[in-house]
Number of protein chains: 2
Amino acid sequence: MYERKTLPNLNCGLDLIGEVIYGKWKIRLLWFINEGHQRPSQLQRKIPDATRRVLNIQLKELEEHELITKKIYPVVPPKVEYSLTEFGQTLIPVISALGNWGDQNEERLRSVIIKRLQPDG
Amino acid sequence: MYERKTLPNLNCGLDLIGEVIYGKWKIRLLWFINEGHQRPSQLQRKIPDATRRVLNIQLKELEEHELITKKIYPVVPPKVEYSLTEFGQTLIPVISALGNWGDQNEERLRSVIIKRLQPDG
DNA sequence: TCACATAGGGATAAATTTTTCCCCTATTGC
DNA sequence: GCAATAGGGGAAAAATTTATCCCTATGTGA
């Protein structure tokens, strides 16, 4: 695994929450798990742009940060289910707030994001 | 400037907000600007762990995403002031929600983050 | 027997972000 | 002339995050 060379800042609440939700797919993972898509393959179908590999890695981090738990059923073919911990559940309203803001400003956001992507204004 | 090789996903609200606030210092920049620290040198003092360079880069992106505006006063030595746009102001409650969650769970977060950082459990 | 579904992991490459280093503008004050 | 002030920016390096490729295992259905 990659080993950090610089320590994170943990000064304020924003630093702290950043440490656990900063990651390209983490918020979506939490969101979909909360919606009931608990198995890895389901999550992958909900987030087709991410590879299985990254999802596993980010799921593991979420688990280490105690936002989700992983339950492995000793069956073949393997079955795994992720669930939010109580701690993780407290994050849902916050994620919801993020998503709502994004939804409410969808058109404008799409516009400014795309404008910036195209070098020729 | 770096030119993206892969297009971002812009499917849902979470994708969209991610595009504009994902960046190591962006949320803090918005927060401090909102608190009245509008000049670059003030922001740098509030965020000493970031270099002036990154702050400039991220401020520029925030500006291009229309969350802040930059006012340059034609004086010597130069004077610059950033302000939130109306659009940017609507993001403040969301940032506030993030920060509050972080503050409310400070101890636990600090603990799980540090635990994960130290390879030997 | 072969393909598929499930879940996972190592090694390595590529993409992206952040940092470092060094330089530039112009004026005021010594 | 030189330093200090206030704000910037290019190039390249370092750090970090994501993606790609290939491999493990077992049971089911064609």
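This report walks through a predicted model of two protein chains and two DNA strands.

A word on bookkeeping: residues are numbered from 1 along each chain as its sequence is written, while chains are lettered from A and ligands numbered from 1 in the order in which they are written. Since it is a prediction, local features need pLDDT of at least 70 and side-chain atom pairs count only at pLDDT 80 or more, but totals for chains, interfaces and linings use all residues.

**Chain A at a glance**

Chain A has 7 helices and 2 strands; helices (H or I, at least four residues) and strands (E, at least two) are DSSP runs, numbered from the N terminus. Read from that end, the order is α-α-α-α-β-β-α-α-α. The C-alpha trace spans about 55 × 35 × 30 Å along its principal axes. Of the 121 residues in chain A, 27% count as buried, meaning that 20 or more other C-beta atoms lie within 10 Å of the residue's own (exposed is 12 or fewer, partly exposed is in between, and C-beta atoms are placed from the backbone).

**How the two chains meet**

Chain B lands on chain A after a rotation of 180 degrees with 0.0 Å of shift along the axis, at an RMSD of 0.1 Å; the fit is by least squares on the C-alpha atoms of residues with pLDDT of at least 70 in both copies. The two copies are thus related as by a two-fold rotation axis.

Their contact takes 35 residues from chain B and 35 residues from chain A, where two residues are in contact if their C-beta atoms, placed from the backbone, lie within 7 Å. On chain B, α1 (13-21), α2 (26-34), α6 (92-104) and α7 (106-117) each supply at least two residues of the side that touches chain A. That side of chain B has 18 nonpolar, 6 polar and 11 charged residues. Here Ala, Val, Leu, Ile, Met, Phe, Trp, Tyr, Cys and Pro count as nonpolar, Asp, Glu, Lys and Arg as charged, and the others, Gly among them, as polar. Of the interface residues of chain B, 100% are also interface residues in chain A, so the copies meet through the same surface.

Take a look at α6(B): its buried residues are Val94(B), Ile95(B), Leu98(B), Gly99(B), Trp101(B) and Gly102(B). Seen down the axis of α6(B), they fall within an arc of 160 degrees, so they line one face of the helix; the arc is that of the directions from the helix axis to the C-beta atoms. They pack against α1 (13-21) and α6 (92-104) of chain A, together with α2 and α7 of chain B.

Val112(A) sits in helix α7 (residues 106-117) of chain A. With 19 C-beta neighbours inside 10 Å, Val112(A) counts as partly exposed. Leaving aside neighbours within four places in sequence, Val112(A) is in contact with His65(B) and Glu66(B).

**The DNA side**

A residue is near a strand if its C-beta atom, placed from the backbone, lies within 6 Å of it.

| DNA strand | Residues around it | Closest residues | Classes |
|---|---|---|---|
| C | 22 residues | Ser41(A), Pro77(A), Pro78(A), Lys5(B), Lys24(B) | 9 nonpolar, 5 polar, 8 charged |
| D | 21 residues | Lys5(A), Thr6(A), Lys24(A), Ser41(B), Pro77(B) | 9 nonpolar, 5 polar, 7 charged |

Around DNA strand C, α3 (40-46), α4 and β2 (79-84) of chain A, together with α4 of chain B, each supply at least two residues of the surface.
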